[in-house]
Amino acid sequence: MSGQAPEPVAVLETPIHVDYSFTAGLAQSRFLKGLAEGRFLGQRCPRCKKVYVPPRGSCPTDGVPTTDEVELGNTGTVTTYCVVNVPFQGQAIEIPYICAQILLDGANLAFMGLIQEVPADQVRMGMRVEAVWVAPDELGPTMSSVKYFRPNGEPDADYETFAEYL
Amino acid sequence: MSSPPVAVVSFAQSPQVRREDHRNEVEMLMPVIEEVFSNIKVTKDDMGFVCSGSSDYLVGAPFSFVSALDAVGVWPPMRESHVEMDGAWALYEAWTMLLSGDVETALVYSFGRSSPGELAKILALQLDPYYLAPLWPDPPALAALQARALIDAGKADEEEFATVAARSRRDARANPFAQVSSDRTTAELMAEPYVVSPLRRHALPPITDGVAAIVLAAGDRATELCERPAWISGMDHRIETHALGARDLTVSESTGLAARGAGVDRDATVDVAELHAPFAHQELILREALALGPEVSVNPSGGALAANAVMVAGLIRIGEAAKRVMDGSARRALGHATSGPCLQQNLVCALSAERPSGGR
């Protein structure tokens, strides 16, 4: 034994890289293909009749397949929102901007979208909005097919109509 | 206070396939959960507990076990749990829950899709992160070391590996859910080239996508739901060291201990044993550890050589063993599950047609 202890190893680098292919599933594939056609496709639960968009193929409440396809329109309601004021790397939109939960008319599940063409301080819960799609030749099976939502000029929705979806 | 005896009362599985191209996990699970319930005319509302087994590493989706719950429909909120392990260990957790007497029914399910990722790399990530994982040894390489050790110890030869594979693939022809089946002889299999010496292709498990589900019930509830419940007479699981070099790979001490813990020994032998032996030679090690005689029917389903959905194949072994008690073809049966490289961790579930007086 030599008297000198070796310098302790404090860091060990073991790089890990794993590739995956992704299976969206039958229901989400329908939804994504709908986006490529500029349409919102949801599915209805045969038991509780709720319409899910995006659909996942099952009703998370009843645990049954949602087999009935439902096409939704272009309009919806802002159920809740936040104002993004913090700059971050890769930011594509000028701050401040709005991230909102949007409940499409006829849907029972809200999803996230951007609100544009309106000053951030004028966005409010209950605001009626419509989807603005990218140019037809830019449509694809991705949420990026929806550029953003903008106010459609209708009077605000009553709180009761979206209180369940906050 | 004595614990109520617990039984397997229903079992269902999906077709086990090389690649499930179109359906996601939820869409694969829904018909199987529907079947495991409709077999015994219950719904999710009749379940006191839900427990699942899966691994997010397989498909690279964080918290995939949470989204998988959409296949059950957990509203109103249910008692639910998950293990990042084969569903056999989820069944173990559900069993202990039922033994507590708090609930009298439980749904156990597991799902595993190996096709979206690079299975060999993913399984290397479970090894010790300093000395082994950086070398990326894949499961066939580690299993080959074990098979070589078995040959060097004079305990088996390559022809015996081929005999196990030939019998398993032949039996799999009667299993409609099996992925791989064939009618090839030992001699034909011996003519294959090595994948990793001394293992030829037939000694390796297929890469599989699949799901499975089981319903457990306690006491009189089990006999209400099922004419011939497969009573769990005992269950135990044991794990060995992470350090492969510190183990004798030619034996499975943890399987022997788990078997004794589950009440399986030479005096209480079984008619059927479903062994989770992903590599052919591992069946030989497990047979010895469990002291199974030639009279025991081993892997009549074809075993893991016929389909080996990671995280699911162990639960299927228990389901296949229970099925034979429920259909009256076996009085006593054994389901075994393994996890980790070279049979590192092992679970033994003893099943009986006779209702035990207590839970264990």
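In what order do the three strands of the open sheet in chain A stand? I shall answer that shortly, after one remark on the material: what we are looking at is a predicted model.

The order is β2-β1-β3, and the pairing in this sheet of chain A is antiparallel. At its edges stand β2 (51-52) and β3 (68-72) of chain A, each of which pairs on one side only. Strand β1 of chain A, residues 40-44, is joined to β2(A) by two bridges in the antiparallel sense. If you wish to locate that pairing on the screen, look for A:R44, which stands opposite A:V51 in β2(A). As general background, the strands of a sheet pair through backbone hydrogen bonds, in either a parallel or an antiparallel manner. Across β1 and β3 of chain A lies helix α1, residues 26-36, and this helix runs at about 155° to β1(A).

Let me now turn to chain B. This chain contains 12 helices and 12 strands. Its radius of gyration is 19 Å, close to the 21 Å that the globule rule gives for 360 residues, so chain B is as compact as a globular protein of that length. Taken along the principal axes, its C-alpha atoms fill a box of roughly 55 × 45 × 40 Å. Of the 360 residues in chain B, 57% are buried. As for contacts in chain B between residues at least 6 apart in sequence, 79% of them join residues at least 24 apart.

Chain B also has an open sheet, formed by 10 strands with mixed pairing. Reading across, the order is β3-β2-β4-β7-β1-β8-β12-β11-β9-β10. The edges are occupied by β3 (80-83) and β10 (297-298) of chain B; each has a single partner strand, so one side of each is left without a neighbour in the sheet. Within this sheet, strand β8 (residues 230-239) and strand β12 (residues 345-352) of chain B run antiparallel and are joined by eight bridges. One pair to look for is B:W231 with its bridge partner B:S352 in β12(B).

Two helices of chain B deserve a word. Helix α4, residues 87-99, lies across several strands, among them β1 (6-13), β4 (105-113) and β7 (209-218) of chain B, and runs at about 170° to β4(B). Helix α12, residues 313-326, has 14 residues and reaches 19 Å from its first C-alpha to its last, close to the 20 Å expected at 1.5 Å a residue. Helix α12(B) is mostly covered, with 14 of its 14 residues buried. After α12(B) comes B:G328, which has a positive phi near 85°.

How many residues of chain B are in contact with chain A? There are 25, and they meet 22 residues of chain A. On the chain B side, the elements that give two or more residues are α1 (25-38) and α5 (119-124) of chain B. Of these, α1(B) gives the most, with three residues. By character, this side of chain B divides into 13 nonpolar, five polar and seven charged residues.

I close with a single residue, B:W136, found in the loop between α5 and α6 (139-152) of chain B. Is B:W136 buried or exposed? The answer lies in between: B:W136 is partly exposed, with 15 other C-beta atoms within 10 Å. Leaving aside residues up to four places away in sequence, B:W136 touches B:K121 and B:A124. From B:W136 to B:K121 there are 15 residues in sequence, and 6.5 Å in space, C-alpha to C-alpha.

Technical notes: Residues numbered from 1 in each chain as written. Chains lettered and ligands numbered in written order. Predicted model: local features only at pLDDT ≥ 70, side-chain atom pairs only at ≥ 80, totals over all residues. Helix = DSSP H or I, 4+ residues; strand = E, 2+ residues; numbered from the N terminus. Rg over C-alpha atoms; globule rule 2.2 N^0.38 Å. Buried ≥ 20, exposed ≤ 12 C-beta atoms within 10 Å, placed from the backbone. Contact = placed C-beta atoms within 7 Å. Pairing = 2+ DSSP bridges. Axes fitted to C-alpha atoms, helices over the stretch in contact; angles between N-to-C directions. Nonpolar A, V, L, I, M, F, W, Y, C, P; charged D, E, K, R; others polar. Expected span 1.5 Å × (residues − 1).
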